[in-house]
Amino acid sequence: MLHSQKLADFSPSSLPIQKKNKSATAAGRADKDDNMAITIKRFEDILKTELAAMRSEFSSHMTTVQNMCSKVDFLIGEQREQKKVINEHTGRLDALEQQVIDLQDRSRRSNLRLLGLPEGAEKDDPIGFLKRSLPRWLPSLLGKDIEIERAHRVYSRASTDHSKPRVFLFKLVLYNDRNLILNEARRHGPVKANDGAMLSFFPDFSPATAKKRSSFSIIRKELKEAGLQTFLQYPATLKIVMKHGETKLMHSPDEARRFLSSMPSTHSPEMDVA
């Protein structure tokens with residue numbers, strides 16, 4: 001009887017405090033789960049909102065980038081067209097420049113430049129002075145009627161030494177007379193004035209052509225030292241005459257120098273005497 005009473009004291013119905021604690025714990029867990037679910041939902045909403053904003057901003061940036069790419073493509077196309085136009089204009093400009101150079105050379109084709117004539121030798125009658133002096137300088141011209149259109153002194157832009165006599169420039173009426181004087185000056189060289197001054201006759205070219213021709217000066221000296229004869233053809237082509245009569249045409253000083261370097265050494269004492 002006593003044992004049964006003790007068991008009755010420990011039955012579930014006899015433990016109301018323990019049942020209440022379990023109920024409170026379950027309720028607390030339920031509240032925590034609800035709060036966590038609410039917090040997670042809140043974070044999900046925030047993330048969705050932020051992600052939507054980022055998508056919208058990215059879409060806006062993509063639109064901007066696409067517009068910029070379109071403009072860049074347009075500009076590249078325009079640049080290509082501009083390059084074509086510039087190349088066409090450059091080609092036309094080069095052609096026009098060459099035409100101007102050719103016209104200048106043609107207008108000077110009957111001119112001769114006389115270097116070394118003492119200053120003031122012609123006095124006030126340069127044309128008469130030349131007509132009287134040319135047969136004395138070049139005896140083969142004696143008796144020939146050389147017609148001179150005009151004559152005057154000019155300064156050379158390349159020279160800053162004003163103590164040297166200025167270039168004496170004269171224009172002949174006939175182109176054949178110009179060639180005759182040049183050929184006779186080469187044949188009679190060196191040509192001397194009455195006072196012993198050394199005279200040199202040169203064709204008159206445009207500045208552009210003269211610059212191209214003068215660029216061959218150094219290599220021509222080197223070729224002469226190697227025993228080769230050279231001539232300059234118009235406008236600026238170097239003609240090299242080999243010892244056996246063969247000719248070579250060089251269109252630039254570098255090309256002529258490469259040709260000279262490729263030749264076997266021909267230096268000899270007989271060449272020094274010559």
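This is a short walk through one protein chain, taken from its overall make-up down to a few single residues.

What we have here is a predicted model. The chain runs to 274 residues, and 24% of them count as buried. It holds eight helices and eight strands. If you take the contacts between residues at least 6 apart in sequence, 54% join residues at least 24 apart.

I will start with the five-stranded sheet. It is open, its order is E2-E3-E1-E5-E4, and the pairing is antiparallel. E2 and E4 are the edge strands, each with pairing on one side only. A general reminder: strands of a sheet pair through backbone hydrogen bonds, and they do so either parallel or antiparallel. Between E2 and E3, the antiparallel pairing extends over six bridges. As a concrete position to look at, alanine 151 sits opposite phenylalanine 170 of E3.

Two helices pack on this sheet. H3 touches E1, E2, E3, E4 and E5, and its direction makes about 95 degrees with that of E2. H4 touches E1, E3, E4 and E5, and its direction is at about 140 degrees to that of E5.

Now H3 in more detail. The helix covers residues 126-137, which is 12 residues. From first C-alpha to last it reaches 15 Å, close to the 16 Å expected at 1.5 Å a residue. Which residues of H3 are buried? They are Pro126, Gly128, Phe129, Leu130, Ser133, Leu134, Pro135 and Trp137. In general terms, an α-helix has 3.6 residues a turn, so residues three or four places apart point the same way. With that in mind, you can trace Phe129, Ser133 and Trp137 on the screen, which are among the buried ones. The cover over the buried residues of H3 includes strand E1 at 111-115, strand E2 at 148-154 and strand E3 at 167-172. It also includes helix H4 at 175-188, strand E4 at 191-192 and strand E5 at 198-203.

Ahead of that helix there is a backbone detail. Lysine 123 lies in the loop between E1 and H3. Its phi is near 55 degrees, a positive value in a residue other than glycine. Most residues other than glycine have a negative phi. Is lysine 123 buried or exposed? Lysine 123 is exposed, because its relative accessible area is 69%, and the cut-off for exposed is over 50%.

Next, asparagine 111, which belongs to strand E1. Why does asparagine 111 count as buried? Its relative accessibility is 5%, and buried means under 20%. Leaving out residues up to four places away in sequence, asparagine 111 touches Leu169, Phe170, Lys171, Arg178, Pro203 and Asp204. With aspartate 204 there is a polar contact, side chain to side chain, at 3.0 Å.

Asparagine 111 also brings us to an annotation. An unreviewed UniProt entry places the feature "coiled-coil region" at residues 79-113. In the model, that span is 83% helix and 9% strand. The C-alpha atoms at its two ends lie 49 Å apart.

The other sheet has three strands. It too is open, with order E6-E7-E8 and antiparallel pairing. Its edge strands are E6, at 229-233, and E8, at 247-250, and each pairs on one side only. From one strand to the next, the twist averages 25 degrees. E7, residues 237-241, pairs with E8 in the antiparallel sense over four bridges. Where are the partners? Valine 241 has threonine 247 of E8 as its bridge partner, and isoleucine 240 stands opposite lysine 248 of E8. The hairpin of E7 and E8 has five residues between the strands, and in it glycine 245 takes a positive phi near 95 degrees.

Last, the cis peptide bonds. Most peptide bonds are trans, as a general rule. One cis bond joins glycine 189 and proline 190, with omega at about 0 degrees. Proline 190 is in the loop between H4 and E4. Another cis bond joins tyrosine 234 and proline 235, and there omega is about -5 degrees. Proline 235 is in the loop between E6 and E7.

Terms used
Residues numbered from 1 in each chain as written. Predicted model: local features only at pLDDT ≥ 70, side-chain atom pairs only at ≥ 80, totals over all residues. Heavy atoms only, no water. Expected span 1.5 Å × (residues − 1). Buried < 20%, exposed > 50% of the residue type's maximum accessible area, 1.4 Å probe, protein only. Contact = heavy atoms within 4.5 Å. Pairing = 2+ DSSP bridges. Axes fitted to C-alpha atoms, helices over the stretch in contact; angles between N-to-C directions. UniProt positions renumbered as here; feature names shortened; annotations may be inferred. Polar contact = N/O pair within 3.5 Å; in protein donor to acceptor, adjacent residues only side chain to side chain.
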